[in-house]
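Reader: Before I plan anything around this protein, I would like to go through its model with someone who can take me from one part to the next.

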Amino acid sequence: MLIKNCRILIDGVEKVTDILTADGKIIEISENIPEGRLEVVDAKGKWVIPGVVDAHCHMRDPGLSHKEDFMTGSMACARGGVTTFIDMPNTVPAVTTSEIFEEKRAMMVGKSYVDYGFNFGGSRNDNSEEIKKVIDKAASTKIFLNMSTGDMLITEDSVIENIFRESKIISVHAEEEMVAKAIELCEKYDKPLYLCHLSKASEAKMLREAKAKGLKVYGEVTPHHLFLNVDDVNADERSSMLLRMKPELKTKEDNEELWKALADGTIDTIGTDHAPHLIEEKLAKLTFGIPGVENSLEMMLKGVDEGKISMARLIEVMCTKPAEIFNIANKGKIQVGYDADLVIIDRDDKSAIKDDDVITKANWTPYEKFNRGGRVVTTILRGQIVYSNKEFYGKYGREINYHE
């Protein structure tokens, strides 16, 4: 495939060029590549960025697939420019044994429009021996220090320490004082730590201090913790039910400090914490979790429009850095030898985001009151179109590989 007239960033410099792909890889980036007998996609000077890597998704499959499943969740990814996602382990059953992990891997083959990986789940029953069996196949071990269901909330220090000791990288749901605890364990065991969905200025401060000490600590923020706050929750009765998740939305001041931490390099990645519930479920009773993967890039492009981050920084935190942190092979860059995962974006489309425009089973979006900062026109996975102009193509997604 030849993608012509792509507006891209190379070493921070914006230029319009062509991208040639073969066998799923980028093989040439230069101007005026001859078309020959190639399949040609003309980007017409639109922005082309690497496929987004979302390291934090709950696709609800298996066990909760009426809310979302691997196919519909991956369609939402493709429509949002996400070409790789990492699925969380709190499904039914929870992914806390190597046997369940392998069953889930086998179950999802052929279901996804985009590439994917899996996190393994830590258990309060101390499954550190199980971690050893899957360590090369899982993106990380996810542990919940503040809240979760079943056996996944871990409160006993000895269990937490055993899991830290045996994991290659630990992703944590940690809030406030538990962030400090996770950082202490990162330092004690010298293991990379990924702090999911930071929501407060104080947590960003802890991350900044940990990095200043040279610790291998990485921070993630969601678009909803950047763009929404408690004022939005309190706006009306509907919002008070819909805009609820863990961690909860905080203050406008927290929004501002999180943006600063994202811009200055303290926070490393954007993860959506895509955790859909049907709108009927959300409105019927208080239920925590919101969809997000479909609109994350559109919202972050809005952040570029508002001068909160640069286009170069957006690409870094949404594409390059997540792939680097989790050692995902050949993802996150427009570079010869990398997978030809590419997203063509119409930056001139500032239309309103609407509930009736989403593909997720949840059938609603927390960003309905916003105008997008651009629309995904085409999503290309390893040199094959998986989404273009509201049409979906083959389920070419496969499980990602890792490297050291």
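The questions and answers below concern a predicted model, and they go from its domains to its sheets, salt bridges and backbone.

Reader: Into which domains is the protein divided, and how far apart are their C-alpha centres?

Author: The division gives a domain 1 made of three stretches, 2-48, 339-354 and 371-392, and a domain 2 that covers 52-331. Between the C-alpha centres of domain 1 and domain 2 the distance is 27 Å.

Reader: How much area do domain 1 and domain 2 bury between them, and which residues of domain 1 lose the most?

Author: In this interface, 24 residues of domain 1 are in contact with 25 residues of domain 2. The two domains bury about 2,000 Å² between them, with 62% of it on carbon and sulfur atoms. On the side of domain 1, the residues that lose the most area to domain 2 account together for 24% of what that side buries, and they are Arg347, Ile353 and Phe392.

Reader: Which element gives the most residues to the side of domain 1 that touches domain 2?

Author: The rule finds ten residue pairs in polar contact across the interface of domain 1 and domain 2, and the salt bridges counted between these domains are six. On the side of domain 1, the elements that give two or more residues are strand E15 (342-346), strand E16 (375-381) and strand E17 (384-388). The element that gives the most, with five residues, is E16.

Reader: In the sheet with the order E6-E7-E8, which strands stand at the edges?

Author: This is an open sheet of three strands with parallel pairing, and its twist averages 20 degrees from one strand to the next. Strand E7 (residues 82-87) pairs with E8 over four bridges, and here phenylalanine 85 stands opposite tyrosine 116 in E8. Two strands have a single partner strand each, so one side of each is left without a neighbour in the sheet, and these edge strands are E6 (52-57) and E8 (115-118).

Reader: In the open sheet of six strands, which residue of E13 is the bridge partner of leucine 195?

Author: The order of this sheet is E9-E10-E11-E12-E13-E14, with parallel pairing, and its edge strands, E9 (120-121) and E14 (269-270), each pair on one side only. Within the sheet, three bridges join strand E12 (residues 193-195) to strand E13 (residues 217-221). The bridge partner of leucine 195 in E13 is glycine 219.

Reader: How many residues apart in sequence are the parts that the pair of aspartate 61 and lysine 111 ties together?

Author: The structure holds 40 salt bridges, and in one of them the closest N and O atoms of aspartate 61 and lysine 111 are 3.7 Å apart. Aspartate 61 lies in the loop between E6 and helix H1 (70-79), whereas lysine 111 lies in the loop between helix H2 (98-107) and E8, so the parts that this pair ties together are apart in sequence by 50 residues.

Reader: Where do the prolines that follow a cis peptide bond, proline 93 and proline 247, lie?

Author: The bond from valine 92 to proline 93 is cis, with omega near 5 degrees, and the bond from lysine 246 to proline 247 is cis as well, with omega near -5 degrees. Proline 93 is found in the loop between E7 and H2, and proline 247 in the loop between helix H9 (237-242) and helix H10 (252-263).

Key:
Residues numbered from 1 in each chain as written. Predicted model: local features only at pLDDT ≥ 70, side-chain atom pairs only at ≥ 80, totals over all residues. Heavy atoms only, no water. Pairing = 2+ DSSP bridges. Axes fitted to C-alpha atoms, helices over the stretch in contact; angles between N-to-C directions. Domains from an automatic or database assignment. Contact = heavy atoms within 4.5 Å. Buried area = accessible area lost by both parts, 1.4 Å probe. Salt bridge = Lys/Arg side-chain N within 4 Å of Asp/Glu carboxyl O. Polar contact = N/O pair within 3.5 Å; in protein donor to acceptor, adjacent residues only side chain to side chain.
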